[in-house]
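User: I am learning to read protein models and would like some guidance. Could we begin with an empty space in the structure and what surrounds it?

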Amino acid sequence: MVAATMEDTSTQSSNRQDHSQGLWHPRYDVLAVFTIAFGILGTFISTLGVWEPWEVDSVVIAEHMRSTGRWLEVVIGGANVSTQEPLAELPFGWWPIAISTALFGSTELGLRLPSILLSLVCIIGLFIVARRTFGRRTAWFAMLIALSMPLFTFQSRFVLGAGITMLFASLGALGFLASLAQMNTRWSLLAAGIGTIGAGLSGGVPGLAIPATVGAVCILSQGSSSKRPLLLLTIGLSLGVVVVGWWRAWVYAPDSTTMESMFLWADSLTGS
């Protein structure tokens, strides 16, 4: 008991020191994180140029969805019907780009804004969860390490590969972890649900597996906690939405599409 008391006292003292150090009060941490992350991810957002063919194809797909109203079809080749080619891809990953380009035009800003916004949300979520769980200093290290990783910053600034899926999966996983950190349950599970649905709809089974696995681990670790039914409900509703989305996408997929190519390893734009 004495040892436990000494450990609690040491932890409280460490937490006080953790919150007392720094250039600003902890209440301004989130604003500082946003400023630093936006400075790194948003620098020259509209001056880089759309130079990658994959990005050009993404713009074409988004424009086709908007102009035809066929939001469940993934078609490249432009407006000429003779050059159009349908792809065995889940269409939902292009929806944020289609909405963004509808608002800001088929520009670099319209193309890159969804990924940058999602990455900012993920970075802020990572910092908040890490600070609540491990302390302020560790949270700053975690945030700075994430921003210094080329894969994260590259996928956040360019529309390449499964960047949208990875960011949604990160958001879902962070949402479930936030529920373990005794944070606001409503916002934590909302982030978990949005991230899980987004990852599943845009990335198929591999995208869904990441947040769903984290959610399952959180459920098992809760024991008889009152949060367990809410976690089960979140995963259940998310899976239901994803399955319905998969079914509708399958209906509009090309006739030669196989389930494996659609939901496990969809034909990438590099193969088109």
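Analyst: The model shown here is predicted. By class, the lining of its second largest pocket consists of 13 nonpolar and 4 polar residues, with no charged residues.

User: How is such a space found, and what volume does the second largest pocket have?

Analyst: Rolling a probe the size of a water molecule over the atoms reveals where empty space is left. In this structure, the second largest pocket has a volume of about 370 Å³.

User: Which residues lie nearest the centre of the second largest pocket?

Analyst: They are Val-121, Gly-125, Leu-171, Trp-187 and Ala-191, out of 17 residues that line this pocket.

User: Which helices each supply at least two residues of that lining?

Analyst: These are α5 (108–134), α8 (163–180) and α9 (185–222). The largest share, 6 residues, comes from α5.

User: Where do these helices belong in the overall order of the chain?

Analyst: The chain has 11 helices and 2 strands. Read from the N terminus, the elements run α-α-α-β-β-α-α-α-α-α-α-α-α.

User: How should I read burial, and what share of the residues in the chain is buried?

Analyst: A residue is called buried because its relative accessible area is under 20%. Of the 272 residues in this chain, 43% are buried. Two cysteines serve as examples: Cys-122 has a relative accessible area of 5%, so this residue is buried, and Cys-218, at 1%, is buried as well.

User: How many disulfides does a search of the whole structure find?

Analyst: The search finds 0 disulfides.

User: Which residues of helix α7 are buried, and against which elements do they pack?

Analyst: In α7 (residues 150–157), the buried residues are Phe-152, Thr-153, Gln-155, Ser-156 and Arg-157. They pack against α2 (29–41), α5, α6 (136–147) and α8. Helices α5 and α8 also contribute to the pocket lining discussed above.

User: How may one follow a single residue, and is Ala-98 buried or exposed?

Analyst: One may ask where the residue lies, how accessible it is and what it touches. Ala-98 lies in helix α4 (residues 95–104). Its relative accessibility is 0%, so Ala-98 counts as buried. Leaving aside residues up to four places away in sequence, Ala-98 touches Ala-62, Arg-66 and Trp-71.

User: How many residues apart in sequence are Ala-98 and Ala-62?

Analyst: They are 36 residues apart in sequence, while their C-alpha atoms are 4.5 Å apart in space. Across the chain, among contacts with a separation of 6 or more, 68% join residues 24 or more positions apart.

Note on methods. Residues are numbered from 1 along each chain as its sequence is written. This is a predicted model: local features need pLDDT of at least 70, side-chain atom pairs count only at pLDDT 80 or more; totals for chains, interfaces and linings use all residues. Side-chain values use heavy atoms; hydrogens and water are left out. On a 1 Å grid over the protein atoms alone, a cavity is a set of points where a 1.4 Å probe fits but cannot get out, and a pocket is an open set with protein on both sides within 12 Å along at least five of seven lines; lining residues have an atom within 4 Å of a point. Grid points are joined across faces, edges and corners, and a volume is the space filled by probe spheres set on the points. Helices (H or I, at least four residues) and strands (E, at least two) are DSSP runs, numbered from the N terminus. Ala, Val, Leu, Ile, Met, Phe, Trp, Tyr, Cys and Pro count as nonpolar, Asp, Glu, Lys and Arg as charged, and the others, Gly among them, as polar. A disulfide is a pair of cysteine sulfur atoms within 2.5 Å. Buried means under 20% relative accessible area, exposed over 50%, partly exposed in between (1.4 Å probe, protein chains only). Contact means heavy atoms within 4.5 Å.
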